[in-house]
Amino acid sequence: MTIFIMAFSACGTTDDDIILKPNGTVADPRELSAGRSTVFMTSIRAYDTPSDWVTGTLLDRFNNGDKLYDDPRTSDQNDPLQGGLGPLYAGFSCGSCHKNAGRTYPTLHSEGGSGSSGFSSALVYITRKNGKFFRQYGRVLHDQSIFGVKAEGKLKVQYEEKEYSFPDGEKYSLVTPHYSISEWYADSIAPEDLIIDVHIPLRHVGMGQIMALDTDELRRLAAQSNYPEYGISGRLSVITERNKSYVGVGGNKAHHADLTVELGFSSDLGVTNDRYPLEIAEGQSQMIGYSHYGIQISTKDMEDVDLYMSTLGVPARRNVNNETVLKGEANFYKAKCHLCHTPTLHTRQDAPVLLNGTRLPWLSSQTIHPYSDFLLHDMGKGLDNHATIGVARSYEWRTTPLWGIGLQETVNGHTFFLHDGRARNFTEAIMWHDGEGAVSRELFSRMSKEDRDALIVFLKSL
Ligand code: HEC
Ligand code: HEC
C-alpha cells in the first residue's frame, strides 16, 4: 500500500504530494512513473494492479472490468457475461492477447504464425495494394472462428536472419519477417495484391495517463520537436472521427484517441455492442443466421472495462541510484534517445471522462514519465510495412512509451519488441531504428560494449 500525505504550506495551499513507499520511506521523485498512480510492484502483476486511489465502488467496478477483460468468452448466446464470442474473432478475451495487461508471448517466432493451436495473439491487418479493403474480409484477418464457421485465413511467417558487427567487433543479428496467408475462407487473394501488416499487442502500462495527456503540451512538443542536426521531426497525429478532431495518442500508429473498448469487443472478439451492432464480416455468406443475436455487451459493462484499463497503476522505476543505471541513463541522453522517448510529460487539468460519464480526477495534473513524445516519426525502410493506418504513413510509427518495459520479461516471459515483435531483445530493437532514429542507432553502436550494456540496464530500470 502506498500512502499519500498532502503537504500543506504556510499559506494553506497544497504542495506536491509526498508519497510513501510500502517500506515506509519517502519515494524518490524519479521512481514515480505516474505520480499518485505509481505502484511499487515488480512481480508478474506489475502491469495489472489498481492504483491505490481505486477503492470502494470504484474498486468493485475495476474488478468487474478486470473479469470482463480476462475471462474467456464463449459462443453461448444465453450468457450475457461471457457469451457472444465470434462467429469470427482474433482472440477469445482481451487478456488472451494482453496477458496480465501486457503483451502475450507471440507465437510468431516459436510457431511460425497462427501456429498449430491457431492463435497468434497478433492483429493481422490486410489491405489491397491500392490501400482499399478486400470486400469479403475487412481490415483485420480473423484467424479464429467458432464451431461450424471457417476462419478467414491463417498467418504464416518466415524470418530471414542476417548477422552484423558493431564497430568494436561484437556481433548481433536481425531477423526480417516475411508474411503469407493460407487457408483463405473463400476467394484466395493474389499475393501480388496483398499487403500484410502484423502487430503484436501493446503493454497497457499507463493507459489512463495516456488518455489524460495534456495535448497542448504534445502540440508544443511537435512544434519544437525539430532537430535538423539529428534528422528528427515528430508529427502530431490529428484524427477526425464523426466530424470532430482528436489528437491520436494510442496505438502504434497514434490512431486512437480513446481506449477502443467498443472496437476491441467488436473486431477482436466478435462481441457486438451499441457502437458496433453488426457482427464482423456481416457480408460473408457463412454469416447468414448469426446477425440476429443483437447486442452482446452493455455500455455499462464496457465502461467498467474502460475504467479497469484507465485506473491501472504504473510500476515505479527501480534501482534509480545504481551506478550502472545512472551511467546508462547518461548514455540514453548521449544517444539522443530522449528526443523521441521524452522522459517527462504532464496530464491535463480537467479530469478524464469515461464512456458513460465517470470522471477520474485522480488522473489530472500529474507529472508522469512515459518516455514517449506520442508523436509519429519516420523510422525508415526496414520498418516500412507498406500499410497506412490513420494519418500515419507506412513508415511512420508512434514512439513507443518505455515505462514498464523493464518488467515485460517478468510479466509476459519474453523480450520481443517493436510493433511486430521482430526484435528479440533490447539491442535488436535499437538496431532497427532508422530514418529519424538513425543518428541514435549510430551513436549507440559506436559506444563501447560497456556503455551499450549500461544503456540497456537503464532501460530495464524503467
Ligand atoms: C487478437 C489479439 C487482441 C485482442 C483479442 C485484443 N487486443 Fe487490444 N491490441 C492488440 C494489438 C495487436 C494492439 C496493437 C495495435 C497497434 O499496433 O496499434 C492492441 C492495442 C490495444 C490498445 C491500444 C494500446 C495503446 O498502448 O495505445 C488498447 C487500449 C487495447 N488494445 C484494448 C483492448 C481491449 C479492451 C480488448 C478486448 C475488448 C482487446 N484490446 C483485445 C491485440 C489484441
Ligand atoms: C526518431 C525517434 C526515436 C529515437 C531518436 C529513438 N526511438 Fe526508440 N522508438 C521510436 C519509435 C517510433 C518506436 C516504435 C517502432 C516500431 O514499433 O516499429 C521505437 C521503439 C523503441 C523500442 C521498442 C519498444 C517496444 O516496447 O517494443 C525500444 C526499446 C526503443 N525504441 C529504445 C530506444 C533507444 C534506447 C533509443 C536511443 C538509442 C531510441 N529508442 C531512440 C522512436 C525513436
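Trainee: How many disulfides does the count come to in this structure?

Mentor: In this predicted model, the count comes to zero disulfides. A pair of cysteine sulfur atoms must lie within 2.5 Å to qualify.

Trainee: What makes His433 and His341 protein donors of the iron atom of ligand 2?

Mentor: The cut-off for a donor is an N, O or S atom within 2.8 Å of the metal. The NE2 atoms of His341 and His433 lie 2.0 Å from the iron atom, so both histidines qualify as donors.

Trainee: Where in the chain do these two residues lie?

Mentor: His341 is in the loop between helix H8 (323-334) and strand S15 (345-346), and His433 is in the loop between helix H10 (426-431) and helix H11 (438-445). The pair links distant parts of the chain, 92 residues apart.

Trainee: Why is the site of the iron atom called octahedral?

Mentor: There are six donor atoms, with angles of 87 to 180° among them. Six donors count as octahedral if opposite donors are over 155 degrees apart and all others lie between 65 and 115; the site is therefore classed as octahedral.

Trainee: Why is His341 called buried?

Mentor: Its relative accessibility is 12%, and buried means under 20%, so His341 counts as buried. Cys97, with a relative accessible area of 14%, is buried, and Cys340 is buried at 13%.

Trainee: What makes the approach of Arg203 to ligand 2 a polar contact?

Mentor: A polar side-chain atom of Arg203 lies 2.8 Å from an oxygen atom of ligand 2. The limit for a pair of N or O atoms is 3.5 Å, so the pair qualifies.

Key
Residues numbered from 1 in each chain as written. Chains lettered and ligands numbered in written order. Predicted model: local features only at pLDDT ≥ 70, side-chain atom pairs only at ≥ 80, totals over all residues. Heavy atoms only, no water. Donors = N, O, S within 2.8 Å, 3.2 Å for Na, K, Ca; no water. Tetrahedral: all angles 85-135°; square planar, octahedral: opposite > 155°, others 65-115°. Helix = DSSP H or I, 4+ residues; strand = E, 2+ residues; numbered from the N terminus. Buried < 20%, exposed > 50% of the residue type's maximum accessible area, 1.4 Å probe, protein only. Polar contact = N/O pair within 3.5 Å; in protein donor to acceptor, adjacent residues only side chain to side chain.
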